[in-house]
Amino acid sequence: MKKPMIYLLIVILDDLRLMPDLLRTWKKIGVPGVTILESAGAYRTSTWLSRVGLGAIDRLFEAEEVRRRTLLVAIESDELLAQAMAEAERVVGGFDRSDSGLLLVLPVAQVRGLHKIQPKPRPEKLPPAVRPDWVVQRDTPVEVVIETLNLEPTLVHVDTPLDEAARAMFAHPSVHVVCVLNDDGRLVGVLDLRTLADDFFFRIMPEEFLSEATDLEHAMQFAGMAGMRTAADAMHEPVWVKRGQTVKDAFKRMHEHNMPGLPVVDDRYHVTGYINLLELMAVCLECAGDNAEVLA
């Protein structure tokens, strides 16, 4: 039996602030242990040393302008490799940008010690579903579900003022999640109705929010709300579902993140549609076709 190909994925990050987001995202999709190395670019280092002097070389990794992190991870699944690369592209905003870093993939001829952590055994038998006749519906692909209401996603740019983001939501009253895009049109965050409503009414009745500032943490939240101006200031981390994924995948993410709906994205994280809880319920009720006009 042919052994699967093993790859070494190397990501060099120029912006260290992106590393926590990348590591969290990789962990969610199942990327195995990541090795993190402190590194510095030769060109930047030589420029820095010419300015501060060779005597400062012992302080090389204290200098923000030359510090980098190199992330190494061994992956033996083509699908997981593609996911990990796509997530790195999304977090960085595209490695084709200047000062973004570098992504490399190398084939690995041999490896030792890759499998040390054994997965926990799954229970032999899952508990029965309350409605066994609905179970098959959870595997329905999202591209079938979104045809129920054909909801158009609400899209704004990271620099869009929050009042304009609210107006964009008014134009799509059945869509309660705003998708925030970067200059490349990629999904980088989401704004839900509650966040936009809090910002809106904070401008009208700030005393209601100030009364909740009972400790330092609440006071800092109050100060943060006062400084929010654009979609980038208020957005949450992006949550999405892709074509080919299922009702089960979509509901799980909505439930975990307390969201009424999700953007549907392609492999480049461009938003191609929107799916909401009502559509998921419609599929399980087997009324996606007959009652679509009623639901709309």
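## Exercises on a predicted model

At 16% relative accessibility, Thr 246 counts as buried, and this residue of the predicted model opens the first exercise.

**Exercise 1. Explain why Thr 246 counts as buried, and place it in the chain.**

Step 1. Burial requires a relative accessible area under 20%, and Thr 246 counts as buried because its value is 16%.

Step 2. As for its location, Thr 246 belongs to the loop that runs between strand E8 (241-242) and H10.

Step 3. Leaving aside residues up to four places away in sequence, Thr 246 touches Arg 138, Asp 139, Thr 140, Pro 141 and Val 142.

**Exercise 2. Describe the surroundings of Ala 86, and then classify Tyr 269 as buried or exposed.**

Step 1. Ala 86 is a residue of helix H3, and it counts as buried because its relative accessibility is 13%.

Step 2. With residues up to four places away in sequence set aside, Ala 86 touches Asp 267 and Tyr 269; moreover, the C-alpha atoms of Ala 86 and Arg 268 are separated by 6.9 Å, although these positions lie 182 residues apart along the chain.

Step 3. Tyr 269 is found in the loop between E9 and strand E10 (271-276), and with a relative accessible area of 2% it is buried.

**Exercise 3. Compare the settings of Asn 258 and Tyr 269, each of which has a positive phi.**

Step 1. Most residues other than glycine have a negative phi.

Step 2. Asn 258, which is not a glycine, has a positive phi of about 55°, while the phi of Tyr 269 is near 65°.

Step 3. Asn 258 sits in the loop between H10 and strand E9 (261-265) and counts as exposed at 69% relative accessibility, whereas Tyr 269 is buried at 2%.

**Exercise 4. Characterise the largest pocket by its volume, its lining and the elements that contribute to it.**

Step 1. The volume of the largest pocket is about 620 Å³.

Step 2. Its lining consists of 21 residues, and those nearest the centre of the pocket are Lys 28, Ile 29, Trp 240, Gln 245 and Arg 253.

Step 3. Two or more lining residues come from each of helix H1 (19-29), helix H3 (78-92) and helix H10 (247-257), and H10 gives the largest share, with six residues.

Step 4. Sorted by class, the lining of the largest pocket holds 12 charged, five nonpolar and four polar residues.

**Exercise 5. Which residues of helix H11 are buried, and what is found at its start?**

Step 1. Within H11 (residues 277-284), the buried residues are Glu 279, Leu 280, Ala 282, Val 283 and Cys 284.

Step 2. At the start of H11, a side-chain oxygen of Asn 276 reaches to within 3.3 Å of the backbone nitrogen of Leu 278.

**Exercise 6. Decide where the coordinates call for caution, using the pLDDT values.**

Step 1. The protein chain has an average pLDDT of 77, and 69% of the residues score at least 70.

Step 2. Confidence is highest in strand E5 (residues 154-157), at a mean of 96, and lowest in helix H12 (residues 292-295), at 45.

Step 3. Residues 52-66 have a pLDDT below 50, and this stretch makes 25 contacts in the model beyond near neighbours in sequence; residues 213-220 also stay under 50, with three contacts beyond four places in sequence.

Step 4. Where pLDDT is low, the predicted coordinates should not be read in detail.

Conventions. Residues numbered from 1 in each chain as written. Predicted model: local features only at pLDDT ≥ 70, side-chain atom pairs only at ≥ 80, totals over all residues. Heavy atoms only, no water. 1 Å grid on protein atoms, 1.4 Å probe; cavity = no way out; pocket = protein on both sides within 12 Å on 5 of 7 lines; lining within 4 Å. Points joined across faces, edges and corners; volume = space filled by probe spheres on them. Helix = DSSP H or I, 4+ residues; strand = E, 2+ residues; numbered from the N terminus. Nonpolar A, V, L, I, M, F, W, Y, C, P; charged D, E, K, R; others polar. Buried < 20%, exposed > 50% of the residue type's maximum accessible area, 1.4 Å probe, protein only. Polar contact = N/O pair within 3.5 Å; in protein donor to acceptor, adjacent residues only side chain to side chain. pLDDT = per-residue confidence, 0-100. Contact = heavy atoms within 4.5 Å.
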